[in-house]
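Please open the structure in a viewer and keep the selection panel at hand. The tour below proceeds stop by stop, naming what to select and describing what is found there.

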Amino acid sequence: MTARTRSVLFGTAPLVALALVVAAPLPARAGNDGVVPQHERPKPKEYRPEAGITEQIGATVPLDVQLRDENDQPVTLGDAMAGRPTILVPVYYRCPMLCTKVLNGLLDALRAMPNDFSVGDRFNVVTVSMDPKEHGDLARPKKKAYLDEYGRPGAEAGWRFLTGKKENLAALLDAVGYKFEFDKMLKEYNHPSGIILLSPQGKVTRYFYGIGYDGDYELAGEPVPGANGKLTRPTTTLRLSLIEAAEGKGGSLLDKLTLLCYRYDQLHQGYSLNVLRAVQLGGIITLLAVGTGVFLAFRRDWRKPKAPAADGTRPNDALPSGGTA
């Protein structure tokens, strides 16, 4: 082994150590106090997020469930719906991001509807907090802000911002298949984004997912022949679905893209980058670059012509061990 080869071999030792670090499983991230947060701890293999929506098309919500209005006075869901088709909007008023986007998306869709198709006239909206600790002091300013933005007369009685006790909220949200969980470490709710349409009798007729509700949505089911004879999939809008809900009609949408509000970085007001994962990726790139350099160094060393021995013979001229002249 030549001196150059030995030098290269010694130089690869740190690379081997780096490779072992890069290949190691990413450990749970500990905080400044050395304690790994609950949400960063490895979950059992059978762990499944609790947040999500399981459609309950055709189910009936409990119209007599007791909730609290914006002044913390008792009100039933049936009273808030007032015999109109209703958009049910599960949120919590302290939500740092996703609930506001849901409400803003709904507001945009409501403002895009004709003036003769408004909240409090043709349909109602019931916004309900999933957090049993929230009361009217949070619901009232939220209602005022959205009614001011909506700007249509008669909406005050038709767009409600309610709260309620834990068991009553659970009875309502379980009936529509809306699942959420409270993260004790982050002090936030892990919940899906979506709104649910109810018939005047409290029957679940349709779900809209995500944070935007002002477009066309394809309906689930087999395509049907269109006017030109081609098979097309029927579409609906929030407005058409409200009209159908008034008659108790509905069904599933094809698009079920649901966002989850989870692991929001309260300190940095956003979803944080997994720094350790980024460092690990950088290590992989560095390892590949340095490894390529080592390979090229070996290659040059192997291809370099060997120097003649002191007796004038070239290495290839030497007899093998045990040979004869």
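## A nonpolar patch on the surface

Begin with a surface representation and select I211, L257 and L259, which together make a nonpolar patch of about 240 Å². The model on display is a predicted one. Within this patch, centre the view on I211, which sits in the loop connecting β11 (204–209) to β12 (217–218). I211 is classed as partly exposed because its relative accessibility is 31%, between the limits of 20% and 50%.

## The open sheet

Next, switch to a cartoon and select the strands of an open sheet: 5 strands in the order β6-β5-β4-β10-β11, with mixed pairing. Which strands stand at the edges? They are β6 (159–162) and β11; each has a single partner strand, so one side of each lacks a neighbour in the sheet. On average, neighbouring strands here are turned by 20° against each other, direction ignored.

Now restrict the selection to β10 (residues 194–198) and β11, an antiparallel pair held over 5 bridges. Strands in a sheet pair through backbone hydrogen bonds, in either a parallel or an antiparallel manner. To locate one position in this pair, select L197, which stands opposite R206 in β11.

## The hairpin of β8 and β9

Move to β8 (181–183) and β9 (residues 188–192). These strands run antiparallel and are joined by 3 bridges; F182 stands opposite Y189 in β9. The two strands form a hairpin with 4 residues between them, and K187 in the turn has a positive phi of about 60°. Most residues other than glycine have a negative phi. K187 is counted as exposed because its relative accessible area is 54%.

Is β9 itself mostly covered or mostly open? The strand is mostly covered, with 5 of its 5 residues buried. In a regular strand, side chains alternate between the two faces of the sheet. In β9 both faces are covered: one side carries E188, N190 and P192, the other Y189 and H191, and all of these are buried.

Select H191 in this strand. With a relative accessibility of 1%, H191 counts as buried because the cut-off for that class is under 20%. Add Y178 to the selection to display a polar contact of 3.3 Å between the side chains of H191 and Y178.

## A second positive phi

For another backbone position of this kind, select D72, which is not a glycine yet has a positive phi of about 60°. D72 is located in the loop between β2 (66–68) and β3 (74–76). This residue is partly exposed, its relative accessible area being 33%.

## Salt bridges

The last stops concern charged side chains. Side chains of opposite charge can pair when their charged atoms come close. The count for this model comes to 10 salt bridges.

Select K143 and E70, whose side chains meet in a salt bridge of 3.3 Å, N to O. K143 belongs to helix α4 (residues 136–150) and E70 to the loop between β2 and β3, so this pair ties together parts that are 73 residues apart in sequence. Are the two partners buried or exposed? K143 is buried, with a relative accessible area of 11%, and E70 is also buried, at 7% relative accessibility.

Select R94 and E134 next: this salt bridge has its closest N and O atoms 3.4 Å apart. The pair links distant parts of the chain, with R94 in the loop between β4 (86–91) and α3 (98–111), E134 in the loop between β5 (124–129) and α4, and their positions 40 residues apart. R94 is partly exposed, with a relative accessible area of 39%, whereas E134 is buried at 1%.

Then select R111 and E149, another salt bridge with its closest N and O atoms 3.4 Å apart. R111 lies in helix α3 and E149 in helix α4, so the pair ties together parts 38 residues apart in sequence. R111 is partly exposed at 37% relative accessible area, and E149 is likewise partly exposed, at 48% relative accessibility.

To close the tour, select E70, K143 and R160 together: salt bridges that share partners join these residues into one network.

Note on methods:
Residues numbered from 1 in each chain as written. Predicted model: local features only at pLDDT ≥ 70, side-chain atom pairs only at ≥ 80, totals over all residues. Heavy atoms only, no water. Patch = residues over 30% accessible without salt bridge, like charges linked within 9 Å, V, L, I, M, F, W, Y side chains within 5 Å. Areas by Shrake-Rupley, 256 points an atom, 1.4 Å probe, with all protein chains shown as cover. Salt bridge = Lys/Arg side-chain N within 4 Å of Asp/Glu carboxyl O. Buried < 20%, exposed > 50% of the residue type's maximum accessible area, 1.4 Å probe, protein only. Polar contact = N/O pair within 3.5 Å; in protein donor to acceptor, adjacent residues only side chain to side chain. Pairing = 2+ DSSP bridges. Axes fitted to C-alpha atoms, helices over the stretch in contact; angles between N-to-C directions.
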